[in-house]
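Good morning, and thank you for coming. I would ask you to keep the sequence and the model in view while I speak.

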Amino acid sequence: MSDKVVLAFSGGLDTSVSIKWIKEKYGLDVVTCTVDVGQQEDLSGIGKKAKEIGAVNHYQLDAKEEFVQRFVFPSVKANSLYEGSYPLSTALARPLLAEKLVQIAEKEGAVAVAHGCTGKGNDQVRFDVTIKAMNPDLKIIAPVREWNMNREDEIKYAQKNNIPIKVNKSVFSTDQNLWGRSIESGPLEDPFTEPPDEAFEWCVPAKNAPDKAEYLEIEFERGVPVSVDGSSTSPVEMIQYVNQKAGMNGYGVVDHMEDRLVGIKSREVYECPAALTFIGAHKDLEKLVLTRHELTFKSKVEEEWSWLVYSGLWMEPSRLALDAFIETTQQRVSGTVRLKFYKGGMRVVGRKSPESLYQHKLSTYDRTSTFDQNAAIGFIELWGLPSRVANEKLSQEAASKGTPIPVVTTPGKKP
């Protein structure tokens with residue numbers, strides 16, 4: 001009886017040929033695993049295909065709810081946007097998939113796990129680091145990284161070995177889950193080329209969006225969205241609803257230059273209507289209920305949190321430490337945010353919270369204001385004191401040397 005390997009199986013070209021290739025090169029029986037994180041594929045057909053190719057067993061796991069509760073909601077609390085743009089849709093799912101691979105490998109008594117990642121992307125790191133953190137004794141096999149075949153070579157290999165494949169005629173390479181859809185290859189490899197409309201499936205072109213503005217309200221409790229437009233459906237259904245509503249209004253496209261972990265600067269295009277909507281609403285609500293000092297420090301924590309997740313360090317203890325700080329701030333992040341969508345744009349147009357730090361009697365400009373404007377004089381005196389003392393010192397030094405007092409001027413103009 002051969003030893004086993006558990007392969008993360010998507011049913012695509014790479015993982016389909018991997019079943020046969022692993023058996024040939026390593027002599028291992030292949031157990032396949034498909035984890036549903038909302039990729040909207042025919043999962044029953046994927047399992048049948050795996051066994052037709054030669055898998056000795058197949059696992060099909062529905063992890064959508066777990067994905068949202070354990071990975072997506074913490075990312076909302078962290079306002080996670082890698083390099084200020086990417087809401088980590090693919091990055092968040094990889095540690096969950098790696099975790100399931102390890103669990104099944106241990107259940108099956110397998111000696112190895114395998115995935116279809118290439119050697120130039122970020123996902124290989126996310127899988128490998130998580131797997132080794134959970135079970136360092138498992139061998140990791142990455143056929144695409146090892147065999148160095150291109151797409152044409154893989155197709156020939158599949159045809160030679162009677163492996164059923166569906167050749168994708170699209171020029172785009174995509175990956176998707178509940179939290180977003182990534183789009184690569186084809187014309188997108190030119191950073192100056194505008195993504196064609198056919199690249200997108202979730203977000204309609206802004207020109208085709210409704211001519212009338214649409215509104216949406218999200219209610220949060222302790223940093224977690226609990227209802228949308230007054231309906232308290234399941235977390236998965238909430239995300240699906242917002243994906244649909246924001247996307248049909250043309251909102252949710254990310255097109256930016258991204259610094260990959262492996263050192264490559266890459267043009268990345270994503271569709272993340274729900275992710276950007278929830279994060280935008282959550283971030284605005286925080287500004288209503290948290291102090292300036294909390295917001296300032298949390299922004300630094302958010303940047304580090306996003307970097308750790310993007311770079312495959314979900315299991316890193318420092319991520320857990322950052323979570324502890326973030327969780328403390330979220331105890332007061334409850335309330336409702338009102339959003340307006342129109343022709344590809346989204347903006348917050350209202351927010352309210354029982355934890356609000358906004359006080360009308362302090363902020364108003366009418367005569368009912370309780371703010372003592374005379375107190376501002378002393379505040380300004382103390383606030384500007386360091387600058388005044390420093391400039392007095394500069395003036396004294398300049399006078400003692402007989403040099404002109406430094407003057408800040410507009411570039412290109414004489415003082």
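I begin with a definition: helices (H or I, at least four residues) and strands (E, at least two) are DSSP runs, numbered from the N terminus. On that basis, Leu43 is placed in helix α2, residues 43-53. The model is a predicted one, in which local features need pLDDT of at least 70 and side-chain atom pairs count only at pLDDT 80 or more, while totals for chains, interfaces and linings use all residues. Residues are numbered from 1 along each chain as its sequence is written, and side-chain values use heavy atoms, with hydrogens and water left out.

Let me turn to the chain as a whole. It contains 14 helices and 13 strands. Its C-alpha trace spans about 85 × 60 × 45 Å along the principal axes. Of the 415 residues, 47% are buried. Here buried means under 20% relative accessible area, exposed means over 50%, and partly exposed lies in between, with a 1.4 Å probe and protein chains only.

Is Leu43 buried or exposed? Leu43 has a relative accessible area of 10% and is therefore buried. Its C-alpha lies 9.4 Å from that of Leu61, and the two residues are 18 apart in sequence.

I now come to the charged pairs. Side chains of opposite charge can pair when their charged atoms come close. A salt bridge is counted when a side-chain nitrogen of Lys or Arg is within 4 Å of a carboxyl oxygen of Asp or Glu. The structure holds 30 of these salt bridges.

One of them joins Lys64 to Asp62, with the closest N and O atoms 3.1 Å apart. Lys64 is buried, at 17% relative accessible area, whereas Asp62 is exposed, at 58%.

Another salt bridge is formed by the side chains of Lys77 and Glu327, at 2.9 Å from N to O. Which parts of the chain does this pair tie together? Lys77 belongs to helix α3 (residues 64-77) and Glu327 to helix α11 (residues 317-329), so the pair links parts that are 250 residues apart in sequence. Lys77 counts as buried because its relative accessibility is 12%; Glu327, at 33%, is partly exposed.

A further example involves loops. The side chains of Lys343 and Asp211 meet in a salt bridge of 2.8 Å, N to O. Lys343 sits in the loop between β12 (335-342) and β13 (345-352), and Asp211 in the loop between β7 (180-184) and β8 (214-221), so this pair ties together parts that are 132 residues apart in sequence. Lys343 is partly exposed at 23% relative accessibility, and Asp211 is exposed at 65%. In addition, Glu66, Arg70, Glu99 and Lys100 are joined into one network by salt bridges that share partners.

Next, the empty spaces. On a 1 Å grid over the protein atoms alone, a cavity is a set of points where a 1.4 Å probe fits but cannot get out; a pocket is an open set with protein on both sides within 12 Å along at least five of seven lines; and lining residues have an atom within 4 Å of a point. Grid points are joined across faces, edges and corners, and a volume is the space filled by probe spheres set on the points.

The whole structure has 2 cavities of 30 Å³ or more. The largest cavity holds about 40 Å³ of space. Its lining consists of Ala91, Pro95, Arg126, Thr130, Val309, Gly312, Leu313 and Trp314. Two or more of its lining residues come from each of α4 (89-108) and α5 (123-134).

The second largest pocket has a volume of about 280 Å³. It is lined by 15 residues, of which Asn79, Lys283, Ser299, Glu302 and Glu303 are the closest to its centre. Helices α9 (273-289) and α10 (292-310) each supply at least two lining residues, and α10 gives the most, with 7.

Finally, the surface. Phe379, Ile380 and Trp383 make a nonpolar patch of about 420 Å². Such a patch is made of residues with over 30% relative accessible area and no salt bridge, nonpolar side chains (Val, Leu, Ile, Met, Phe, Trp, Tyr) being joined within 5 Å and like charges within 9 Å. Accessible areas come from the Shrake-Rupley method with a 1.4 Å probe, and for residues only the protein chains shown count as cover. Within the patch, Ile380 is found in helix α13 (residues 375-383) and counts as exposed, at 55% relative accessibility.
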